[in-house]
Amino acid sequence: MAAATSQGSRYQVRGGAALTGSVRISGSANAALAAMCAALLTDEPVVLDNVPAVSDVDSLANLLAHLGATVERPAPNRVAINAAKVGTLEAPIDLVSENRASFQVMGPLLARHGFAALPPPGGDVIGQRPIAVHLDGFGAMGATIDRVGEHYQARAPRGLTGTRVFADYPSVSGTQNVMLAATLARGETVIVNAATEPEVQALAALLNAMGGRVSGAGTQTVTVEGVERLHGTTFALVPDRIEAGTFAIAAAMTGGDVDLVDAPAGVMDAIITKLRGAGATVEARDGALRVAAGTRLAPVGFQALPYPGLATDLHAPMAALLTQADGVSIIHERVFDNRMLYVAELRKMGAEIISTGSSAIINGPTPLHGARARALDVRAGAAVLLAGLVASGTTVIDDLHHLDRKYERLDEKLRGLGAELERV
Ligand code: EPU
């Protein structure tokens, strides 16, 4: 498969341009990752369209290939997976550590092959990120889980049995993993306290297109009626609500006026409401979401929460915007315990932010100046990039590999809207 990213490991951004024009929102990166894992549930081809060319997709593709699946990319945003010949049921740490979603191969492997051995998953260092919801769910369905060295070994030689599974926390990937396993279990699985995120709904839609029987996705109770086998399908992924939110924030923050083509406005209530509160105009127009800056940015408080609350993945980008708002904004992070990595980077650029554990107080507006900063996780990196778009002078952002994990052609898209930046 072709690699997703172009050359260059840092961005050089010259601030000052108001973003204008239109940008097409890519398919959802996180929905794509769960969908790729679902392809392991059948021996028939699963063809996914609108898959963003991002490096997390590449690394998960490498893991699927290691397991024995064929993964092809016949077009830039199409991934075709055939898991007929999967024969390896364990993975080394280097294939799992790059990507949180890699642990979602466990549900399908366990359900279809009765065994899986995986080390704990990697991903952004944004909090403790336990996997108890995944493992407890498999255990409730009859699997035995052992920790052997660095691997979790899950065994269900006689198959999984449907049951009631209570999720301690509405974990997105935990809900998805249990759903994946339950599709081929005997009988009915009911997931209580399920995550309601749109990416859970997207996975349910794919599983049903493969012949699964999943209902209730999008509510806190998901029911999965197990079936004997699943079949292949061709399926287009939903647009990426976090990418859309990031561009919406960029438009409002730079004094711009941008049409977000294909933005999934129906699942963006929280960010739309907050941007309007900050003074931007947000309206549906000709199949796009138009975001235009107002005359002044007003401060807004928010809490990052599970869906439909404001997404934790938009916390850092929104904080960057609020450095330009006229007054004090207070932010509370309620999902992850280490989402504040952006604070020190924005302070290097002149932002007035105080962070107290899971809260931040931002005093604006502060003129930002170019600095050398790091993308410490994907969304912290987005925050620094947005700050660079309004800073005086040049901002150099290191560690772009984080941004490449989830944002497709980010520099190209921003240049298309008039931003001055390049990879160097
Ligand atoms: N949690 C538990 N127990 C568990 C699992 C999770 O308490 O067994 C807690 C975590 O400690 C955390 C919270 O649940 O406080 C949320 O974690 P969750 O498991 O829901 O997150 P995830 O599935 O690991 C996905 C996205 C993240 C996104 C979160 C929340 C993927 C691959 N990742 O992560 O996306 O922030 O849901 O919406 O789907 C990103 O795109 O930048 C990103 C990090």
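# Exercises on a predicted model

The side chains of Arg409 and Glu412 form a salt bridge with an N to O distance of 3.0 Å. The model is predicted: local features need pLDDT of at least 70, side-chain atom pairs count only at pLDDT 80 or more, and totals for chains, interfaces and linings use all residues. Residues are numbered from 1 along each chain as its sequence is written, and side-chain values use heavy atoms, with hydrogens and water left out.

## Exercise 1: salt bridges

Task. State how many salt bridges the structure holds, and classify Arg409 and Glu412 as buried, partly exposed or exposed.

Solution.
- Step 1. A salt bridge is a side-chain nitrogen of Lys or Arg within 4 Å of a carboxyl oxygen of Asp or Glu. The structure holds 24 salt bridges.
- Step 2. Buried means under 20% relative accessible area, exposed over 50%, and partly exposed in between (1.4 Å probe, protein chains only).
- Step 3. Arg409 has 41% relative accessibility and therefore counts as partly exposed. Glu412, at 43%, is partly exposed as well.

## Exercise 2: two pairs between loops

Task. Place the salt-bridge partners Arg296 and Asp326, then Arg339 and Asp313, in the chain and give their accessibility.

Solution.
- Step 1. Helices (H or I, at least four residues) and strands (E, at least two) are DSSP runs, numbered from the N terminus.
- Step 2. Arg296 and Asp326 meet through their side chains at 3.3 Å, N to O. Arg296 is in the loop between β16 (288-292) and β17 (302-304) and Asp326 in the loop between α10 and β18 (327-333), so this pair ties together parts 30 residues apart in sequence.
- Step 3. Arg296 is partly exposed at 46% relative accessibility, and Asp326 is partly exposed at 40%.
- Step 4. In the salt bridge of Arg339 with Asp313, the closest N and O atoms are 2.4 Å apart. Arg339 sits in the loop between β18 and α11 (341-348) and Asp313 in the loop between β17 and α10; this pair links distant parts of the chain, 26 residues apart.
- Step 5. Arg339 is buried at 5% relative accessibility, and Asp313 is buried at 15%.

## Exercise 3: a network

Task. Which residues are linked with Arg372 in a network of salt bridges?

Solution.
- Step 1. The network of salt bridges links Arg372 with Arg10 and Asp398.

## Exercise 4: helix α10

Task. How many of the residues of helix α10 (residues 315-322) are buried, and which are they?

Solution.
- Step 1. Eight of the eight residues of α10 are buried, so the helix is largely enclosed by the rest of the structure.
- Step 2. The buried residues are His315, Ala316, Pro317, Met318, Ala319, Ala320, Leu321 and Leu322.

## Exercise 5: surroundings of three residues

Task. Locate Leu207, Thr233 and Gly226, and list their contacts.

Solution.
- Step 1. Contact means heavy atoms within 4.5 Å.
- Step 2. Leu207 lies in helix α7 (residues 198-209) and is buried at 0% relative accessibility. Apart from neighbours within four places in sequence, Leu207 is in contact with Ala38, Leu41, Met179, Leu180, Thr183, Gly212, Val214 and Leu230.
- Step 3. Leu207 and Ser102 are 105 residues apart in sequence, and their C-alpha atoms are 18 Å apart in space.
- Step 4. Thr233 belongs to strand β13 and is buried, with a relative accessible area of 17%. Neighbours within four places aside, the contacts of Thr233 are Pro45, Val46, Val47, Leu206, Ala209 and Met210.
- Step 5. Gly226 is in the loop between β12 (221-225) and β13 (233-236). Not counting residues up to four places away in sequence, Gly226 touches Ala182, Thr183, Ala185 and Gly187.

## Exercise 6: the ligand

Task. Which residues come nearest to the ligand, and how far from a ligand oxygen are the polar atoms of Arg100 and Ser173?

Solution.
- Step 1. A residue counts as near if one of its heavy atoms lies within 4 Å of the molecule or strand. Of the 20 residues around the ligand, Ser171, Val172, Ser173, Val335 and Arg379 come nearest.
- Step 2. A polar side-chain atom of Arg100 is 2.9 Å from an oxygen atom of the ligand, and one of Ser173 is 2.6 Å from an oxygen atom of the ligand.

Notes. Polar contact = N/O pair within 3.5 Å; in protein donor to acceptor, adjacent residues only side chain to side chain.
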